Amino acid sequence: MVARLVSAPFTRFLYQKWKGFSREVSSRELVRRARGAATVMTALTPPSAVKRVLLVVAMEQEVRPLVQRFGLEQIQPSPFLRGAPFVAWMGEVEGLVLHVVWCGRDPRFGNVNNVATTAASVCLYAAVAAFGAPDLCISAGTAGGFASSGARVGDVYLSSKCVFHSRRIPDAAGHLEEYGFGHYRSPPLGKLASHIGVKTGVVSTSDSLDAVPMDLELMRSEGTSIKEMEAAAVAWVCQTLSVPFVALKSVTDIVDGPRATREEFEANLEAASLVLQVKTDALLRAVAGTLLAQWANDGSRTAPAAPAAPAAPAAPAAPAAPAARRATDGTDGTTTTATNNSAPPPAAEAPRAIPTVVDSSSSSVAMSIGPDGQSFEVLRV
């Protein structure tokens with residue numbers, strides 16, 4: 001009798017197990033179920049304030065100004081697997097826990113920067129595995145811009161969407177073709193873009209510095225503003241891991257301009273990286289402790305003048321109070337200025353000059369960062 005009482009529940013357990021696994025379930029079906037469950041869980045998770053941010057940067061020339069500005073400390077020993085070239089720093093900005101990871105260098109080819117999609121995606125995945133999923137991931141770096149979309153050298157863009165323009169995979173159903181393009185949408189952050197004085201637009205990614213005619217055609221069809229080499233790959237990893245993602249790109253060269261891409265890129269890399277430093281600082285201080293939903297789109301495509309300025313786009317912006325931000329879209333006015341809200345008024349001494357940027361749409365762009373470290377000026381001559 002005791003044996004029967006003990007064995008009956010166990011027998012029912014075995015029967016249920018056998019019944020559940022008796023029919024064949026493909027691995028594809030199991031993966032689909034798991035993803036469906038993950039999607040439901042993500043949808044049920046309430047949005048949280050931004051407290052942890054991860055920056056992914058491809059080039060040392062881009063990451064060094066950020067490390068210096070935020071006073072970050074390199075994480076030692078390396079948190080990555082032995083042999084991984086990635087380098088990580090950590091610090092705090094306005095209460096945010098900030099991790100910055102650089103893709104490192106490849107000693108096989110003259111110790112060049114590990115640029116482009118493969119290194120960026122693996123670097124991000126390794127960083128998330130090491131530090132956990134952040135509240136926001138940013139692909140920060142320099143890029144080419146399209147004059148036809150309003151981009152000029154020295155502009156900084158926040159992504160509205162990231163796509164691939166060189167992954168052409170046609171198939172009968174069209175699924176692989178769309179997979180190739182990617183179409184990774186960033187959170188709608190139009191108010192944030194206006195607040196920190198940057199533009200918004202579609203960011204398109206490939207593994208090449210140049211672009212063949214088919215690439216250009218596809219980018220035009222997407223309304224691309226920015227062409228670069230990492231963002232869509234980083235966006236794919238973030239989408240897979242359910243991490244909010246945005247790209248922040250500083251323009252070094254004009255894709256549809258008269259100058260050779262490599263020449264213009266190399267001439268403007270240092271200066272564009274310093275502008276990127278200023279805008280990254282402004283972005284982090286703005287989102288710290290807030291919900292991304294608070295920065296939802298206000299419908300603007302380019303950074304408008306401060307609220308106190310006249311509404312007409314052609315009218316010059318009125319001088320802003322020390323705590324305000326002001327910026328022109330670079331299409332009519334010749335000066336772009338941005339000042340961090342939390343910073344004191346600029347000191348009276350002369351600003352620190354930084355390298356001249358050569359712009360293919362004008363003779364030159366003179367740039368300087370104010371002594372407060374929070375403001376910069378771009379004067380197109």
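Modeller: A charge sits over a ring if NZ of Lys or CZ of Arg is within 6 Å of the ring centre and within 35 degrees of the ring normal. This is a predicted model: local features need pLDDT of at least 70, side-chain atom pairs 80 or more, while totals for chains, interfaces and linings use all residues. Residues count from 1 along each chain as its sequence is written, and side-chain values use heavy atoms, without hydrogens or water.

Colleague: Okay, so which residue has its charged end over the ring of Tyr 179?

Modeller: Start with Tyr 179 itself, which belongs to helix 5, residues 175-181 (helices are DSSP runs of H or I, at least four residues, and strands of E, at least two, numbered from the N terminus). Tyr 179 is partly exposed at 43% relative accessibility (buried is under 20%, exposed over 50%, partly exposed in between, with a 1.4 Å probe and protein chains only). At 4.9 Å from the centre of the Tyr 179 ring sits the charged end of Arg 167.

Colleague: How far is Arg 167 from the ring centre of Phe 164?

Modeller: Here Arg 167 lies over the ring's face. The distance from Arg 167 to the centre of the Phe 164 ring is 3.8 Å.

Colleague: What about rings with rings: how many aromatic pairs are there?

Modeller: Rings of Phe, Tyr and Trp (its six-membered ring) pair if their centres lie within 6.5 Å; planes under 30 degrees apart are stacked, over 60 edge-to-face, the rest tilted. Searching the whole structure for aromatic pairs gives three. In one of them, Phe 80 and Phe 86 meet edge-to-face, with centres 5.7 Å apart and planes at 90 degrees. So for aromatic pairs the total is three.

Colleague: Where in the chain is the Phe that pairs with Phe 80 from 51 residues away?

Modeller: The rings of Phe 80 and Phe 131 have centres 6.2 Å apart and planes at 70 degrees, so this pair is edge-to-face. Phe 80 is in the loop between strand 2 (73-74) and strand 3 (87-93). Its distant partner, Phe 131, is in helix 4 (residues 117-131).

Colleague: Is Phe 131 buried or exposed?

Modeller: Ring pairs link Phe 131 with Phe 80 and Phe 86 into a cluster. Phe 80 is buried at 9%, and Phe 86 is buried at 10%. At 16% relative accessibility, Phe 131 also counts as buried.

Colleague: Moving on to charges, which residue forms a salt bridge with Arg 285 at 2.8 Å?

Modeller: A salt bridge is a side-chain nitrogen of Lys or Arg within 4 Å of a carboxyl oxygen of Asp or Glu, and the structure has 11. In the bridge you ask about, the closest N and O atoms are 2.8 Å apart, and the partner is Glu 94. That pair connects helix 9 (residues 261-287), home of Arg 285, to the loop between strand 3 and strand 4 (96-102), 191 residues apart. The residue in that loop is Glu 94.

Colleague: How many residues apart in sequence are Lys 161 and Glu 222?

Modeller: Their side chains meet in a salt bridge, 2.8 Å from N to O. Lys 161 lies in strand 8 (residues 156-164) and Glu 222 in the loop between helix 7 (213-221) and strand 11 (224-228), so the separation between the tied parts is 61 residues.

Colleague: And Glu 228, which residue does its side chain meet in a salt bridge?

Modeller: Glu 228 lies in strand 11, and its partner is in strand 12 (residues 245-254), so the bridge ties parts 21 residues apart. Both partners are buried. At 3.0 Å, N to O, Glu 228 meets Lys 249.
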